[in-house]
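Here is a friendly walk through one model, with a few stops along the way. Please keep the sequence and the structure open as you read.

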Amino acid sequence: MIDTMTQWFLHHQQLAGYLEPIMQRFKPAWRAGFYRAEVACIEPINEKYLELWLAPESTWPIHKAGQHLELTVEMNGQLRTRVFTIASSPEQYRASGLVRLLIRTHELGRFTPHLTTYLASESWCNISAPQGTFLFPQRKMGSTLMIAGGSGITPFLAMLSQHLSEACNPVKLIYIARTGEHLAEKELNALAARFAHFSYFPIGRAEFKPLTHYLNDLDAPVVFCCGPQAVMEQVATQSLAANVTYFDEPFGLATHINMAERTEHVVKVAHNQYAVDNQRSLLDQLEQQHVSVRRGCGMGICHQCQCVKKQGLVRDMRTGALSDAGESLIQLCVVQAVTDVEIAL
Amino acid sequence: MNEQNLIAFAKELDDIKASTLAKVGQTDADYIRRVVRRQRYFEWSGRILLVAGFWMPWLWAVGVILLALAKILDNMEIGHNVMHGQYDWMNDKQLNSKTYEWDIACDGQSWNRVHNFEHHTYTNIIGKDRDFGYGLLRLSNDFRWRVKNLWQFVTYLLLSVLFQWGVSYHELAAERVFMGKKKANRDGKVSHEELKRRFFSKGARQLVKDYVLFPLLAGPAFLWVLGGNLLANLLRNVWTSTIIFCGHFTEAVQTFKEADCVNESQGQWYFRQALGSSNLQGKHWFHVLTGHLSCQIEHHLFPDMPSSRYQEVAPQVQAVFAKYDVPYNTGPFWRQYTSVLKRILRYSFP
């Protein structure tokens, strides 16, 4: 009722959207459709990682261990969004009101290297409700093998901290990272010392052996994996071969960009997928494949072909500028795909 | 201008655009949100004071002005510019050209399509840009003189007074949608039924809001609020119409033929935009109230540059125009407006 009245007479989708600029005077980062969170602490752990503790507002629905959230920060006037797994347990949130994110900073990124600038402690940002189904099963189960690669350790930190005290079957964690880059070592060692059924093996990439090697002392194992694409593919194939249940959580993006070289990508629109290359505009290629896109001036002026890019990188053909990896508006007539892209028309 | 100069001319304008867009950031986001906040304050205080007029009539007069200002800010500086995509880079769902809707009879998305595409791509090309004279007025010799042009000054005054309805009717290309007139070179992307639905639905909501809902909420002050809303809408109509006419219909503004834009280069496109627009001089508040259409030339060169930057780029553009000997049509409001009135009168006659 209120929403309909707002749409009819105040021309906004939600009343909150109409009130937003005023509310922001009193409550920083107050935004329709987002939750607010205050930065409790932001600190570099080492050269590559940041630890960010957030205090979500009280209406935020508590997460389950293993879930992620979208973090939105206003950076130089622009709202930028990235997805991060919550690296702390619901139990910790109930006790302290805080959630932890462990963030890998990419030197050339548009988001992570600027976080310390825009999120000075006690400033505000936006988060989404927790999402994702990469969860530790509640039902009684056999033993668990967790394989983490690099920053893929984050969901496991939440799961271990939450579930080790309830589980009594063996849980084994293989954590692959470069020497000296294993995160939360102290925490994991402490858990290993406290719980006899938990064992922890920090290893280097080269030391990673075939899956059967880790499975042989486990009874009725379930495999969880989160890490770089290559590791997950390997573990998935070997799990299938060993006939064990497998769950994974993909993340990360291709980072090699060379527009001179023709590459092929997939554009996802609703439930359909279209093959495109990186040489011509998305509009031309989607039109060619009879997708109902709207063509306007074809030169980036009129914004008729504009749509929301949900994820993936595109390149502006006029300036050569790369888009954000997260959600943003793009004009189909002047962009080329750089990675696989998902758009909403 | 020869081909070589056109290339250099385009390059200099491109450079101005690139260097300005590189600076766009927090200041511009803060600016547009500040304008939105003022719009809200004006609207709320305006609507309250209209009711207060029941007890103190002079408060009513202040209320009318505040409400008119709110509507002008919403339509001009916020609505027009946001729907051009000038603030899309902010990724803010409330200031996004895809979804923005404004406080005017014309449906935002219908306007967005016609205005951004037809008017901005084909500016002042007779037969392509329907905004030249709005199909009502004869403003150049490109159109055959008809008897109805004799009283087109009165038509113009009526259009100004009813401008929001004129825009709404015009942007939907009503003569095609309602009377079934066909135009060969146009490919309708939205069905006539959809256009009609939007026209009536948005129009009706606006009428209900200003002439039923708010007056009823005011109880005994029903008539005060109804009259105030009517007058505020009228003020907004006359203001927007006047400013828009100053942007394209001063005497020196030129028109073009369809053949002119076939395989047009970037330089030629810029050149046509330059000759088809005229500016207004004034103080900062004046620019804001015109939605920066006072910088019509800059707006036509760079339609999706944030309006917060037009005042800054105007002198740079003017300098480039001077260098290439391109006329930069600008002047104080009254001079430009007189020039518009002269043009309307001049072409009333054969």
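Let us begin inside helix α2 (residues 26-52) of chain B, where B:Glu43 and B:Arg47 are 4 residues apart and so separated by about one helical turn. Keep in mind that this is a predicted model. In general, an α-helix has 3.6 residues a turn, so residues three or four places apart point the same way. The two side chains form a salt bridge, with the closest N and O atoms 3.2 Å apart. Are these partners buried or exposed? B:Glu43 counts as buried, at 5% relative accessibility, and B:Arg47 also counts as buried, at 10%.

**Salt bridges in chain B**

A second pair joins the side chains of B:Lys71 and B:Asp103, at 3.3 Å from N to O. B:Lys71 sits in helix α3 (residues 57-83) of chain B, while B:Asp103 belongs to the loop between α3 and α4 (108-121), so this salt bridge ties together parts that are 32 residues apart in sequence. Both B:Lys71 and B:Asp103 are buried. These pairs are part of a wider arrangement: B:Glu43, B:Arg47, B:Lys71, B:Asp103, B:Lys209 and B:Asp210 are linked in a network of salt bridges.

Another salt bridge connects B:Glu12 with B:Lys323, whose closest N and O atoms are 2.4 Å apart. B:Glu12 is in helix α1 (residues 3-23) and B:Lys323 is in helix α13 (residues 310-323), both of chain B, so the pair ties together parts that are 311 residues apart in sequence. Here B:Glu12 is partly exposed, with a relative accessible area of 22%, whereas B:Lys323 is exposed, at 57%. Over all chains, the count comes to 31 salt bridges.

The three pairs described above can be set side by side.

| Salt bridge | Closest N to O distance |
|---|---|
| B:Glu12 and B:Lys323 | 2.4 Å |
| B:Glu43 and B:Arg47 | 3.2 Å |
| B:Lys71 and B:Asp103 | 3.3 Å |

**The nonpolar core**

Which residues have the most contacts inside the largest nonpolar core? This core has 41 residues, and those with the most contacts inside it are B:Ile78, B:Leu95, B:Ile243, B:Phe245, B:Phe249, B:Phe333 and B:Val340. At least two core residues come from each of α2, α3, α5 (152-161), α6 (163-171), α9 (222-248), α11 (284-289) and α14 (333-346) of chain B. The most is given by α3(B), with 6 residues.

B:Phe249 is worth a look on its own. Apart from its neighbours within four places in sequence, B:Phe249 is in contact with B:Asp131, B:Phe132, B:Gly133, B:Tyr134, B:Leu139, B:Ser339, B:Val340 and B:Arg343.

**Helix α4 of chain B**

The helix α4(B) has 14 residues and reaches 18 Å from its first C-alpha to its last, close to the 20 Å expected at 1.5 Å a residue. Where is α4(B) kinked? The kink, of about 25°, is centred on B:His115. Of the 14 residues in α4(B), 12 are buried, so the helix is largely enclosed by the rest of the structure. Among these buried residues are B:Trp111, B:Arg113, B:His115, B:Glu118, B:His119 and B:His120. Their cover includes α3, α6, α8 (192-217), α9, α10 (266-275) and α12 (296-301) of chain B.

Helix α12 of chain B holds B:His299, which counts as buried at 1% relative accessibility. The side chain of B:His299 makes a polar contact with the side chain of B:His84, at 3.1 Å. Not counting residues up to four places away in sequence, B:His299 touches B:His80, B:His84, B:Gln86, B:His120, B:Leu293 and B:Tyr310. One of these, B:His120, is also one of the buried residues of α4(B).

**Two stops in chain A**

In chain A, A:Ala40 lies in strand β1 (residues 35-44) and counts as partly exposed, at 37% relative accessibility. Not counting residues up to four places away in sequence, A:Ala40 touches A:Trp53, A:Leu54, A:Leu98 and A:Ser121. A:Ala40 and A:Val269 are 229 residues apart in sequence and 38 Å apart in space, C-alpha to C-alpha.

A:Ala260 lies in the loop between β11 (245-248) and β12 (264-269) of chain A. A:Ala260 is exposed, with a relative accessible area of 73%. The C-alpha atoms of A:Ala260 and A:Gln279 are separated by 8.3 Å, and the two residues are 19 residues apart along the chain.

Technical notes
Residues numbered from 1 in each chain as written. Chains lettered and ligands numbered in written order. Predicted model: local features only at pLDDT ≥ 70, side-chain atom pairs only at ≥ 80, totals over all residues. Heavy atoms only, no water. Salt bridge = Lys/Arg side-chain N within 4 Å of Asp/Glu carboxyl O. Buried < 20%, exposed > 50% of the residue type's maximum accessible area, 1.4 Å probe, protein only. Core = buried A, V, L, I, M, F, W, Y, C linked by side-chain atoms within 4.5 Å. Contact = heavy atoms within 4.5 Å. Expected span 1.5 Å × (residues − 1). Bend = angle between axes of the 7 residues up to and from the residue. Polar contact = N/O pair within 3.5 Å; in protein donor to acceptor, adjacent residues only side chain to side chain.
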